[in-house]
Amino acid sequence: MTIVLTSCKQEKAELTPAEVALARLDSIRQSWKLSAERYKNREDSVRAVEDSLSAEKELRKREQASKPPDVTITADEWYASYQTNEAQANRLYVDKTIEVTGIVEKVTSTNGGYRCYMKAGEWLGNVVCEFDNEDDAASLSAGQKVTFIGTGTPKVGYPEIVECRLKK
């Protein structure tokens, strides 16, 4: 049995089934090669963005470490300010460098980082500090008094500071 293939480049050519299979295999290989190149380019782009974000985050940490905090507050005071007037608290704390002191309730791990929950206000109240230093996370224990310095974010559940560092 013979199969007739036509293409833009050549007129009709009669190929055996084995030649057809080889032609299809070659076409599949070329397609995979193109897909692999596209994937590699996407990976390179993603890596470049991640590197850029990482560098920006590191720069913010250095800037934050070199300047005094905009606000120094206890976890109880910070939590109470949000309970009283959330809009006013957002103006006072969002995107500001905050130094917050409180009692550790628990420490949890997140995607590539850690969260310290400080007791605040009522029995369900917390202030959250997000950081990425594993040694700091390992050094914390429930009931310990700690101070974190970080950047305030809008309240979602609890008042929170990100890109924190433990004040020692």
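Tyr93 is buried, with a relative accessible area of 7%. Here buried means under 20% relative accessible area, exposed means over 50%, and partly exposed is what falls in between, judged with a 1.4 Å probe and protein chains only. The model is predicted: local features need a pLDDT of at least 70, side-chain atom pairs count only at pLDDT 80 or more, and totals for chains, interfaces and linings use all residues. Residues are numbered from 1 along each chain as its sequence is written, and side-chain values use heavy atoms, with hydrogens and water left out.

Tyr93 has an aromatic partner, and the whole structure holds 5 aromatic pairs. Rings of Phe, Tyr and Trp (its six-membered ring) pair if their centres lie within 6.5 Å; planes under 30 degrees apart count as stacked, over 60 as edge-to-face, and the rest as tilted. The ring centres of Tyr82 and Tyr93 are 6.2 Å apart and the planes stand at 40 degrees, so this pair is tilted. Because Tyr82 lies in helix α2 (residues 75-84) and Tyr93 in helix α3 (residues 86-93), the pair ties together parts that are 11 residues apart in sequence. Tyr82 is buried too, with a relative accessible area of 3%. Trp78 joins Tyr82 and Tyr93 in a cluster linked by ring pairs.

The helices just named belong to a chain with 4 helices and 8 strands. Helices (H or I, at least four residues) and strands (E, at least two) are DSSP runs, numbered from the N terminus. Along the sequence, the order is β-β-α-β-α-α-β-β-β-α-β-β.

How does the radius of gyration of the chain compare with that of a compact globule of 168 residues? The globule would be near 15 Å, but the chain has 29 Å. This radius is taken over C-alpha atoms, and the globule rule is 2.2 Å times the number of residues to the power 0.38. The C-alpha atoms fill a box of roughly 85 × 35 × 30 Å along the principal axes. Of the 168 residues, 31% count as buried. The chain exposes about 11,500 Å², and carbon and sulfur atoms supply 52% of that area. Accessible areas come from the Shrake-Rupley method with a 1.4 Å probe; for residues, only the protein chains shown count as cover.

Contact means heavy atoms within 4.5 Å. Among contacts in the chain with a separation of 6 or more, 54% are between residues 24 or more positions apart. Ile103, in strand β4 (residues 97-110), gives an example of a residue with its contacts. Leaving aside neighbours within four places in sequence, Ile103 touches Tyr117, Met118, Lys119, Gly143, Gln144 and Lys145. Ile103 is partly exposed, at 31% relative accessibility. Tyr117 also appears in another arrangement: Lys106 lies over the face of Tyr117, at 4.8 Å from the ring centre. A charge sits over a ring if NZ of Lys or CZ of Arg is within 6 Å of the ring centre and within 35 degrees of the ring normal.

Phe131 is 28 residues from Ile103 in sequence, and their C-alpha atoms are 16 Å apart in space. Phe131 is touched by Asp136, which also touches Leu166 and Lys168, not counting residues up to four places away in sequence. Asp136 sits in helix α4 (residues 134-139) and is buried, at 6% relative accessibility.

Two residues have a positive phi without being glycine. Asp95 has a phi of about 65 degrees and lies in the loop between α3 and β4, where Asp95 is exposed at 63% relative accessibility. Glu163 has a phi of about 50 degrees and is found in strand β8 (residues 158-166); at 16% relative accessibility, Glu163 is buried.

Last comes confidence. The chain averages a pLDDT of 83, and 90% of the residues score at least 70. pLDDT is the predictor's confidence in each residue, from 0 to 100. Confidence is lowest in strand β1 (residues 3-5), at a mean of 51, and highest in strand β3 (residues 71-74), at 95. Where pLDDT is low, the predicted coordinates should not be read in detail.
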